[in-house]
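Good morning, everyone. I would like to take a few minutes to present a structure that may be new to you. Please have a look at it on the screen before I continue.

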Amino acid sequence: MVKQFDLVVIGAGPGGYVSAIKAAQLGQSVVVVEREQIGGACLNVGCIPSKAYLKHAEWLLSIREANQFGIQSSVEVIDFPKLVRRKDKVVSALQGGINHLFKQNEIAYFKGEASIAGKTVTVNNESIRAKNILLATGSSPFVPPIVGIEEVEYLTTNTFFELRKLPKQLVIIGGGVIAVELAFAVAPLNVSVTILEVAEDILLTEDPEVSAILKKKLQHLGIVVETKVNIQRVTKNSVELQSGKTIPFEKLLLATGRKANLALPREIGLTLDETGQFVKVNKHYETSQKGIYAIGDMIGGYMLAHAASAEGLKAVAHMTGIPQEPLNQATIPRCIYTNPEVASFGLSEAEAKRNGYDVKVSKLPYSMMGKAIATNETDGFVKIISEKKYNEILGAVIVGSHATETIHTLLAVKQSEGRVNELANLTFAHPTLSELTGEVTNSLISKAIHS
């Protein structure tokens, strides 16, 4: 017997489960299919586990910081298995939360591999007929073609959190956001970390000043950062560079990006984009086949959990007849949860100029703010990219403590079609780190008090 539903969502990550709940709230009958763990990569092997580990590192760094200023203490033991159990408990609690929301919204949930024929989805020998299908199958770690890699036991960002024992030496191939976050997470736990990046620098997708600050912090933690490397081969216990240098390791982590999971789109003949790496969708996230939608990592753009969720909400709105504007890529925050944190959105100064804007930029450091000095959080800055004619906010970069939280003040103003002027007229509490945003906006239209 074929079961009938309004919507079948394939993939229970932050794109899929959020979409399913919204569709159910809008009166749709919904079923979700997931072949792995509910919550997807974000909850199980990405956003959430990494933040738990970064918190562990923060505890240790706080102890070291306190020692510098008169509070003498020492760490006798790092019980890594106990820290892992804490991470597992966090993940389990959030998985339970999603399951609860599915039950609360009467969403059917199937764990298994889905196949599609027309508008019929088959899973575990059961057939489900749907008006619409939403693909949210995410991405998987990309493994580069390195000589010897197939003969070596290595970790990926999907398997890193399976470690139950800390390695003495960890080599990370890759210098992107995930690689840098994981280096920050384990180095304070007395792991010797080396980052190997083939490009000219780490974090090339970020503002150049971001890369400079974080590289300095990595080195302060004792992390070796090697850029412009040419990897000749990987052996059982080392990475050999073409320069003749050998980098030993106990564990090797490949953090070289992710690739879209395209098995289902290819199976049913969906049109891919011009690169052949992502599913092609229209402004409503509908694919080349009517009634089949795709969101998240599999369609390109920002491979971020919150981007996938936002796209899913737009797709569900369209399929239920609610008019929607496409997701504005310029208002998607990009975050790095290092120490200091990094958050940004919109255009860089160079991109703004290429787009024809008469650009005006202001940047001020946290070292000028009372709260930052009092709390020993002076690393970083706030930078705002605007244009001269209307004082429109084109983009921003915040590097500093709690940057991933404070960026939303700027985003809220931009989303509301506000300008630099509105932020400059806002009264910020004193003393706060957020005050620096007010100083920067005032410097764009007149002159900041403390600059």
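Let me start with helix H1, residues 16-25, and helix H8, residues 305-319, which pack together at an angle of about 30 degrees. Their axes lie 8 Å apart, and the crossing of H1 and H8 is right-handed. I should say at once that this is a predicted model.

Which residues of H1 and H8 meet? On the H1 side they are Val18, Ser19, Lys22 and Ala23. On the H8 side we find Ser309, Gly312, Leu313 and Val316. Sorted by class, the contact of H1 with H8 consists of four nonpolar, three polar and one charged residues.

A second helix pair is formed by H3, residues 47-68, and H4, residues 80-104. Here the axes are 9 Å apart and the angle is about 140 degrees, which makes H3 oblique to H4. H3 also passes H4 in a right-handed crossing.

The contact between these two helices involves Ile48, Pro49, Ala52, Tyr53, His56 and Trp59 of H3. From H4 come Phe80, Leu83, Val84, Arg86, Lys87, Val90, Val91 and Leu94. By class, the contact of H3 with H4 has eleven nonpolar, one polar and two charged residues.

I now turn to the strands. In general, the strands of a sheet pair through backbone hydrogen bonds, either parallel or antiparallel. In this model, one open sheet has three strands in the order E12-E13-E14, and their pairing is antiparallel. Why do E12 and E14 each have one side without a neighbour in the sheet? Strand E12, residues 231-234, and strand E14, residues 246-248, stand at the edges with a single partner strand each, so one side of each is left free of a neighbour there. From one strand to the next, the twist averages 20 degrees.

Looking at one pairing in detail, E12 and strand E13, residues 238-241, are joined in the antiparallel sense over three bridges. As an example, Ile231 has Leu241 in E13 as its bridge partner.

Finally, the protein as a whole. It contains 13 helices and 22 strands. The radius of gyration of the protein is 24 Å, close to the 22 Å that the globule rule gives for 451 residues, so the protein is as compact as a globular protein of that length. Along its principal axes, the C-alpha trace spans about 70 × 60 × 40 Å.

Thank you for your attention.

Note on methods
Residues numbered from 1 in each chain as written. Predicted model: local features only at pLDDT ≥ 70, side-chain atom pairs only at ≥ 80, totals over all residues. Heavy atoms only, no water. Pairing = 2+ DSSP bridges. Helix = DSSP H or I, 4+ residues; strand = E, 2+ residues; numbered from the N terminus. Axes fitted to C-alpha atoms, helices over the stretch in contact; angles between N-to-C directions. Left-handed = near helix turned anticlockwise from the far one by under 90°. Contact = heavy atoms within 4.5 Å. Nonpolar A, V, L, I, M, F, W, Y, C, P; charged D, E, K, R; others polar. Parallel < 35°, antiparallel > 145°, perpendicular 65-115°, else oblique. Rg over C-alpha atoms; globule rule 2.2 N^0.38 Å.
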